[in-house]
Amino acid sequence: MNDIKKDNIVLAEAEAKVESKPEAKVESKSETKVEESEKITVPELLTVTSSPHLRHRDSTRTIMLEVIFALLPALLWGTYVFGLRALLVCIVCAGSCYIAEYVTQLILKRPITVSDCSALLTGLLLGMNLPATAPAWLAIVGSVFAIVIVKQLFGGLGHNVFNPALAARVFLTMAWPSYMTNFTAPFDRLLFSSADAVASATPLASLKHGALPDASLLDMFLGKIGGTIGEVSALFLLLGGVYLLIRKIITWQIPVAYIGTVALLTFLFPQIDGVARWEFMLYEVLAGGLILGAFFMATDYVTSPSTSWGRVIFGAGAGILVVFIRYFGGYPEGVSFSILVMNSLVWYIERITRPRVFGGAKKKHA
Amino acid sequence: MTLSGLAKQFRSGIVDNNPVLIQLLGMCPTLATTTSVSNAIGMGLAATVVLTCSNILISLLRKFIPKQVRIAVFIVIISGFVTAVELLMKAYFYELYGALGIFLPLIVVNCIILARAEAFASKNPVLPSAIDGLSCGIGFTLALIVVASIRELLGNGTFLGFQVFGENYPAAVVFILPAGAFLTLGCVIAAVQTLKNKADAKKSEKEAVAEAVANAAQAAAKEVQE
């Protein structure tokens, strides 16, 4: 690590030197123009470039690409389980998000920033939140909603209050519930048409009706279950999540607090009689989009708190909401709602967990 | 007040100071009764009648109403008209009466009506007050119709009950739900604000140009004199 940093410093210094020369010339030229009588040339040694001098190759683009890379195993598994159509749905989503972002920025006369790949990631996440039977128009409408309404109308990347992919998923679920819950059985692979899909109940639906799913815990973990394209395989999602943690793209607080809260609450208050507590807990944790949401969507930089304790509160709050919605709500799944609700509270969480200014006075505890 | 002043005031209530889209008053009926265009028209017209009548009566009584209890007096007058409208609707438009439900009696506490009574009718003569009530009512109705058209078209595929997109249109139920009401209203307000900002910018640009021209003319005139 240190070697790389040193290299970076040397590189940055070298760049700074290279950059400083033409700037100095320009400056001296303009000054000579203004004051032609007194020739003042700026000595090159005194030219200072502003910080940062230490640079890192991280940019929005590389981070987005790393997250997309981390999602690929789960996407490939989804394609393996649900057929080529699953991959097509994701491609349609990613493509229409990309085009929607480009066109919106063109119309709103904003700088075109599609090359940062954030729209591609939004599209991919949205696609992985749809069932494999989703028609193309559903995917396109969801993508346009995510990019235009949720992201660009709020000011673009960095200004959106809500996670665009999740907001679009909720919008689609409320707009066309029948299309959004048309889940196929695993290994009933679809090629292009969704006409011959065999409908199947997801593990979450059976849990909602007070019965353990047919699938074994191992099947749940590997992803041999019905559900949306990206949420089924806990194994591959964890793989991608751990990769993001190791690469320091995300921090551990949100996923751990989120999944931990759900695990704790479902362990303390199991809803099915005659089942071991830990078994019920594992089913609840592995079912639905909890792991996908915890690692890939709750951790979205823009819509999650930036303080460590804020992230813990954010994750725990979302976890409590998921369990409440799953137990008492109208919908079987509460992950998207829980994250969206916590998104809207981020400003408050950040305010109450704001770190003390270094050297500032300690807060008085009443 | 001159005729052009009245015309300007009429325009103000509908466009420049639209109660819903610019002043953001009366959000509750706007969100709740715009599930269909016919409901929106019914709600808008009922509120317009109440608004105009209460404005006229309050303007007539403005010198007799004691300042300390004016809000209570306004509410009594407004609720009288609301009761009349409600009974009329029950007698002649029973279906609409059923569809609007609780929101019809709730016109009593519609803040547009109270706002016009307090801010305008209690301080101005009868004719301007009547024009003010009518224009604000029409502005309210038009805003409701715009929001309701979008919601009914997208959420049900119909306009005033007629099929527009054909039988196979997969209706986006969310637009009939409360979430869709907020979504639609937010987008409509954003669009109106954008248009307004553009119009304002054009206006100030025109004024700036006119000022520059006037200044240049003055300067030229001075030069000629010299």
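Counting over all chains, the ring rule gives 14 aromatic pairs. To qualify, rings of Phe, Tyr and Trp (its six-membered ring) need centres within 6.5 Å; planes under 30 degrees apart are called stacked, over 60 edge-to-face, and the rest tilted. This is a predicted model, so local features need pLDDT of at least 70 and side-chain atom pairs count only at pLDDT 80 or more, while totals for chains, interfaces and linings use all residues. Residues are numbered from 1 along each chain as its sequence is written, chains are lettered from A in the order in which they are written, and side-chain values use heavy atoms, with hydrogens and water left out.

Here are two of the pairs, both involving W176(A).

| Pair | Centre to centre | Angle between planes | Type |
|---|---|---|---|
| W137(A) and W176(A) | 5.1 Å | 75° | edge-to-face |
| F171(A) and W176(A) | 6.4 Å | 85° | edge-to-face |

The W137(A) and W176(A) pair ties together distant parts of the chain: W137(A) sits in helix α5 of chain A and W176(A) in the loop between α6 and α7, 39 residues apart. (Helices are DSSP runs of H or I, at least four residues, numbered from the N terminus.) How buried or exposed is each of these rings' residues? W176(A) counts as buried at 8% relative accessibility, and F171(A) is buried too, at 7%. W137(A), on the other hand, is partly exposed at 30%. The cut-offs, with a 1.4 Å probe and protein chains only, are under 20% for buried, over 50% for exposed and partly exposed in between.

Zoom out a little and W137(A), F171(A) and W176(A) belong to one aromatic cluster that also takes in F145(A), Y179(A) and, from the other chain, F175(B).

That brings us to the interface. Going by heavy atoms within 4.5 Å, 9 residues of chain A are in contact with 10 residues of chain B. About 700 Å² is buried between the two chains, with carbon and sulfur atoms giving 84% of it; that area is the accessible area (1.4 Å probe) lost on putting the two parts together, summed over both. On the chain A side, F171(A), M174(A) and W176(A) lose the most area to chain B, together 55% of what that side buries.

As for charges, the rule (a Lys or Arg side-chain nitrogen within 4 Å of an Asp or Glu carboxyl oxygen) finds 0 salt bridges across the interface.

Definitions and conventions: Helix = DSSP H or I, 4+ residues; strand = E, 2+ residues; numbered from the N terminus.
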